[in-house]
Amino acid sequence: MSSAAEYRVAVRALCDFTAREGDLDHRFTPSPSAQEGIAGHTLVASRRGDDYLAEMPLSGTYKSLTVTGRADGYAPAENRLEEVKTYRGNLERMADNQRALHWAQVKIYGALLCKARGLDEVTLTLVYLDIATEKETLLSQKARAAELEAFFTTQCERFIAWAEQEAAHRKNRDATLNDLQFPHTTFRPGQRELAEDVYKAASTGRCLLAQAPTGIGKTLGTLFPMLTAMPRQRLDRIAFLTMKTPGRRLALDALAQLRPQAEADDNPCGKALRVLELIAREKACEYPGTACHGEACPLAAGFYDRLPAARQAAVAENWWDRDALRKVALAHSVCPYYLGQELARWADVIVGDVNHWFDRHALLHGLAQADDWRVGLLVDEAHNLVERARGMYSAELDQQRFNRVKRSAPKALGRSLASLGRQWQAVLKDVADSKPDDTGRADYHLLETLPDKLVGALQNAAASITNHLGEHPEDASFELQELLFEALAFCRLAENFGDHSLCDLTLKGRGKALIGLRNLIPADFLAPRFKAAHSAVLFSATLTPAHYYRDLLGLPINTVWREVCSPFVARQLEVRIRRDISTRFRDREASLAPMVAEMAQQYEQAPGHYLAFFSSFTYLEAALKRFCQQHPDVPVFAQTPGMREAEREAFLQRFTPGGRGIGFAVLGGAFAEGVDLPGDRLIGAFIATLGLPPFNAFNEALKARLTARFGKGDDYTYRIPGIIKVVQAAGRVIRSPSDEGVVVLMDDRFAHTSVQALLPSWWAIGGQYSFL
């Protein structure tokens, strides 16, 4: 070992790179949770002597490589170095390549320990702790320092070529980004302002909320300044996170424009930026329906033996979108999805869904924590993050699934499942004895407290299933695994249950109840994720009011909010409010006649393509029926519940340049945002609702929680989410500085000052709105 290291790597990462071999195997194996693993390590340490050194920091250098880590424990009196691994089930079923990886880790720690303490030899011990029984199995071997030094050298030699390549790549990447030029001769109106704010946020390590209108080039306007800041702020990674697939495509298109021109030539020095597209496993799978292990999938067999060549081929290309990644993977007979997971460790810019950073088991957040990355986050269409995050931190239990599993489960699980069944019935009985909620719905009930006895029975059932499958993996049916995953997710959220969530029961028929643990305030879970990033930029056309997002997303107290001036002017968009129409539920029938008349009159005055948005499919169908009866000569087409992707594409293809007709759609649905119909493909929109969430027990409970926490329950539950949907839908009309159109807001409440304050400022005409 020598001094002057230029690259640092953790012991675990080193061994993952150099000591993995054999098959990829992602068959379900019941494993301890992270909390159980931590508790297991603590238990082992508590059983050792007073001189036992737990979490012992060690490091060493070989040539240009520094290796660091924390050994699980060292007992000086016995000169024994321990690596602790927790597990469930039968230890004999552990794969040989997994055991070899564990030995590699403890040998590296042994080499570092001998060097640090001047030892001639040390006893290396793998401690396997059974979480269920708390029994320890110790596997030990004595090793001389010279032997461990040789092993350490071999692993470092295997890695150092890659490490030097990575160091050179980082140096070249930063040098190239220092000279990065904007790909167009000029910025669009508002785009430079956005770029400057993003750069300032990255430079100061702050969070930015940027409200920027559609059409200014937000994707390019955020990526360019973040890339420019990358070398100056020593950012390791940039994560561009999207809500939907089209957002990924826009990001990749922008990154393609920003890649240095030299990359288009044969100059290898020009390939300075590694870009990775992360996609879902089901979309990347080459053998759908096949299990992810070597006995079932040819791309999993020998995966780790072929991974080094595939990885090296990938970094020679540096551009890893879905198609490019698949090409490299299949050329080396490895799984495209898991090759992408590996390349996430080495990419500079990762484009993927928001769940990759914010979900409970987020890949990118986990890697950033493990490798101490400085990360710049870019979150597109950030107005959706509140609802997406609520879903990430919610869970459900399905009684119907439970009953199916109970009937077919192995006898060994009978007692724990029977106990869980009794607690299900107890909850149902308590609900049956109570009154319906305030809305009169007998099928939906808010539970005042978390049903602790049910949760306890669920924990026992999950432990029983997990232990049984550890001993009998052949019993791992799909239904049994799904029940287990539901149980584990519910129990883990129950451990952190608080005023940020509630528990409810939905009755869908006999034996078909659902118990939900639903997150209301995602801030409690998201705040640490924002804190883990060096800088985060959340951008959208609708991020008003700022305090709504600051409060519900848990953004840092020094978060900056900016509104980018719109490139659009009031004359481009005629905004009318029908103050004589009420779309309140009690007035729905009476609203149909004036709405249909307004739509027909506007169409007659300016024939073309329009979208009409309604609050529900029931309301939509009633309006469509009335319109067809009174104006059969006007072409109409409608969104239907559960439209498949091909049907949605067919709906959008109706909006041809120069065409005519009215498309009926649901506010907040597939056609209300993320749809680009420029020019005369769409010249107007009718919005027949404020988009307010329904008044029911759940939303009233949400309102109460938000009032207690923030004092703005009504705004945060109803008004703001509704107007966000309205503004998004209206945003389909004006997509470029040359577009013109009309938006008709059909409800008297749009004339209220409190509602108008949430509408885009550029809609104003002379400080007022145009009314009919």
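Helices here are DSSP runs of H or I with at least four residues, numbered from the N terminus. The model is predicted.

**Stop 1: Arg173**

Select Arg173, which lies in helix H4, residues 145–178. Is Arg173 buried or exposed? Its relative accessibility is 1%, so Arg173 counts as buried, the cut-off for that label being under 20%. Now show what surrounds the side chain. Setting aside residues up to four places away in sequence, Arg173 touches Met230, Leu235, Asp236, Ala272, Leu273 and Asp348.

**Stop 2: Asp236 and Asp372**

Keep Asp236, one of the residues touched by Arg173, and add Asp372. Asp372 sits in the loop between helix H13 (363–371) and strand S12 (375–379). Asp372 counts as exposed, because its relative accessibility is 65% and the label applies over 50%. The two aspartates are 136 residues apart along the chain, and their C-alpha atoms are separated by 9.1 Å. Apart from neighbours within four places in sequence, Asp372 is in contact with Asp236 and Leu367.

**Stop 3: helix H7**

Select residues 245–258, which make up helix H7. H7 has 14 residues, and the distance from its first C-alpha to its last is 20 Å, close to the 20 Å expected at 1.5 Å a residue. Which residues of H7 are buried? They are Gly247, Arg248, Ala251, Leu252, Ala254, Leu255 and Leu258. Turn the view to look down the axis of H7: the buried residues fall within an arc of 160 degrees, so they line one face of the helix. To see what they pack against, show helix H6 (218–232) and strands S8 (237–242), S9 (275–277), S10 (319–320) and S11 (349–353).

Still on H7, show the side chains of Arg249 and Asp253. They meet in a salt bridge, with 3.5 Å from N to O. The two residues are four apart in H7, about one turn of the helix. An α-helix has 3.6 residues a turn, so residues three or four places apart point the same way. Arg249 is partly exposed, with a relative accessible area of 40%, and Asp253 is also partly exposed, at 37% relative accessibility.

**Stop 4: the second largest pocket**

Stay with H7 and display the second largest pocket, which holds about 1,500 Å³ of space. The pocket is lined by 48 residues, and the closest to its centre are Pro246, Gly247, Leu250, Gly674 and Asp676. Which element supplies the largest share of this lining? H7 does, with nine residues. H6, H7, helix H10 (322–331) and helix H23 (645–653) each supply at least two residues of the lining.

**Stop 5: two salt bridges across the chain**

From the pocket, go to Asp676 and add Arg735. The two form a salt bridge, the closest N and O atoms being 2.9 Å apart. This pair links distant parts of the chain, 59 residues apart: Arg735 is in the loop between helix H25 (713–730) and strand S24, and Asp676 is in the loop between strand S22 (661–666) and strand S23 (684–687). Arg735 counts as buried at 14% relative accessibility, whereas Asp676 counts as partly exposed at 46%.

Next select Asp748 and Arg584, whose side chains meet in a salt bridge of 2.9 Å, N to O. Here the partners are 164 residues apart, with Asp748 in the loop between strand S24 (741–745) and helix H26 (753–756), and Arg584 in the loop between strand S19 (573–577) and helix H21 (588–605). Asp748 is buried, with a relative accessible area of 19%. The structure holds 41 salt bridges in total.

**Stop 6: helix H24**

Select residues 697–710 for helix H24. Its 14 residues should span 20 Å at 1.5 Å a residue, and the end C-alpha atoms are 20 Å apart, which agrees. In H24 the buried residues are Ala697, Asn699, Ala701, Leu702, Leu706 and Phe710. Their cover includes helix H14 (385–392), strand S14 (444–447), strand S15 (501–507), helix H20 (546–553) and H25.

**Stop 7: the largest cavity**

How many cavities of 30 Å³ or more are there? The count is four. The largest has a volume of about 100 Å³. Select Cys285, Glu286, Cys292, Cys297 and Cys335, the closest to its centre of the 15 residues that line it. Then add helix H11 (residues 336–343), which gives the largest share of the lining of this cavity, three residues.

Key:
Residues numbered from 1 in each chain as written. Predicted model: local features only at pLDDT ≥ 70, side-chain atom pairs only at ≥ 80, totals over all residues. Heavy atoms only, no water. Salt bridge = Lys/Arg side-chain N within 4 Å of Asp/Glu carboxyl O. Buried < 20%, exposed > 50% of the residue type's maximum accessible area, 1.4 Å probe, protein only. Expected span 1.5 Å × (residues − 1). Arc of directions from axis to C-beta. Contact = heavy atoms within 4.5 Å. 1 Å grid on protein atoms, 1.4 Å probe; cavity = no way out; pocket = protein on both sides within 12 Å on 5 of 7 lines; lining within 4 Å. Points joined across faces, edges and corners; volume = space filled by probe spheres on them.
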